[in-house]
Structure formats: structure tokens, C-alpha cells
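Please open the structure in your viewer and keep the selection tool at hand. The tour proceeds from one residue to its surroundings, and then to a group of strands.

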Amino acid sequence: MWMSKCLSERQKSSTPEKGKVTLSSGQLEAGSTLMSRGIESYAPYGYQSNPPVGESVMIIPSNSGQALVGTLCKAESLETGEVRLSSLGGAVILLKNDGSIVLNGLVINKHGVIENE
């Protein structure tokens, strides 16, 4: 009985969980079933971000504690295959399927010509 209870508890803590960022200045803290501070955040090489408080995140267990693997994607206004980078301050870069780039509203077509000067 004791052994099965320990295994059951261990399995529960080894599953990914949705959580919310509760602290983002200095060190990252997020809460799910457990509150974790000093969480490491992982992203593809070259991408860095510091998710703001209240952002929904996915937290996975690691051999050194919890790890944040990403924030909830809000892609309602994107077509399949498009990519948008945005900041809390409102800066936006949108890579469109037609080859154009929208940079804070400035449209640059796939030939590098500014279309809405």
C-alpha cells in the first residue's frame, strides 16, 4: 500500500501542468498545483523572453526542478503558416504567407519594397 501510494504521488508530479506566471522580475515564478520559484525557461536557440505576470504557461518536471517550456499561443488572427513576434509594449513583427513582413504596421513586400509608406 505504502509503495503504491509513493509511486502514485511520484507519477502525479512528473506530468506537465498548465500554470500562471506570478513573478517575472529577477527570477521566474509560476504556480500550478505547486508554486515554483527560480524556474528555468526554455525556447529555441536565439529566442529569449520574460513572460509577464498572469501569462498562461506550460510547466514540465526536470531533473533540477520545474521548467517552463512556453506560453499559451494566442494565434486567432493568424493564417496557418504565419508567424508573429510581439512584445508587451506593442512592438509586432508579422511574417505573412505571401512573403511580406509587417513591422509595426509598415508593410514590406517579398521583394523588399515598402508598400504603405
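Select Glu82 together with Leu95, Lys96 and Asn97: Glu82 is in contact with these three residues, its neighbours within four places in sequence being left aside. Please bear in mind that the model is predicted.

Now select Glu82 alone and follow the chain on either side. Glu82 is found in the loop between β6 and β7, the latter comprising residues 83–86. Is Glu82 buried or exposed? Its relative accessible area is 10%, which lies under the 20% limit, and therefore Glu82 counts as buried.

Next, display the side chains of Glu82 and Lys96. These two side chains make a polar contact with each other, at 3.5 Å.

Then add Asn97 and show its backbone. A polar atom of the Glu82 side chain lies 3.4 Å from the backbone nitrogen of Asn97. How far apart are the C-alpha atoms of Glu82 and Asn97? They are separated by 5.8 Å, although the two residues are 15 residues apart along the chain.

Turn now to the strands. Select β5 (residues 56–62) and β1 (residues 17–23): they run antiparallel and are joined by four bridges. Within this pair, Lys18 stands opposite Met58 of β5.

Keep β5 selected and add β6 (residues 65–71). The pairing of β5 with β6 is also antiparallel and extends over six bridges. Select Pro61 to find one of these positions: its bridge partner in β6 is Gln66. Finally, look at the link between the two strands, where two residues separate β5 from β6 in a hairpin.

Methods:
Residues are numbered from 1 along each chain as its sequence is written. This is a predicted model: local features need pLDDT of at least 70, side-chain atom pairs count only at pLDDT 80 or more; totals for chains, interfaces and linings use all residues. Side-chain values use heavy atoms; hydrogens and water are left out. Two strands pair if DSSP finds at least two bridges between them. Buried means under 20% relative accessible area, exposed over 50%, partly exposed in between (1.4 Å probe, protein chains only). A polar contact is a pair of N or O atoms within 3.5 Å; within protein, one must be able to donate a hydrogen and the other to accept it, and residues adjacent in sequence count only if both atoms are side-chain atoms. Contact means heavy atoms within 4.5 Å.
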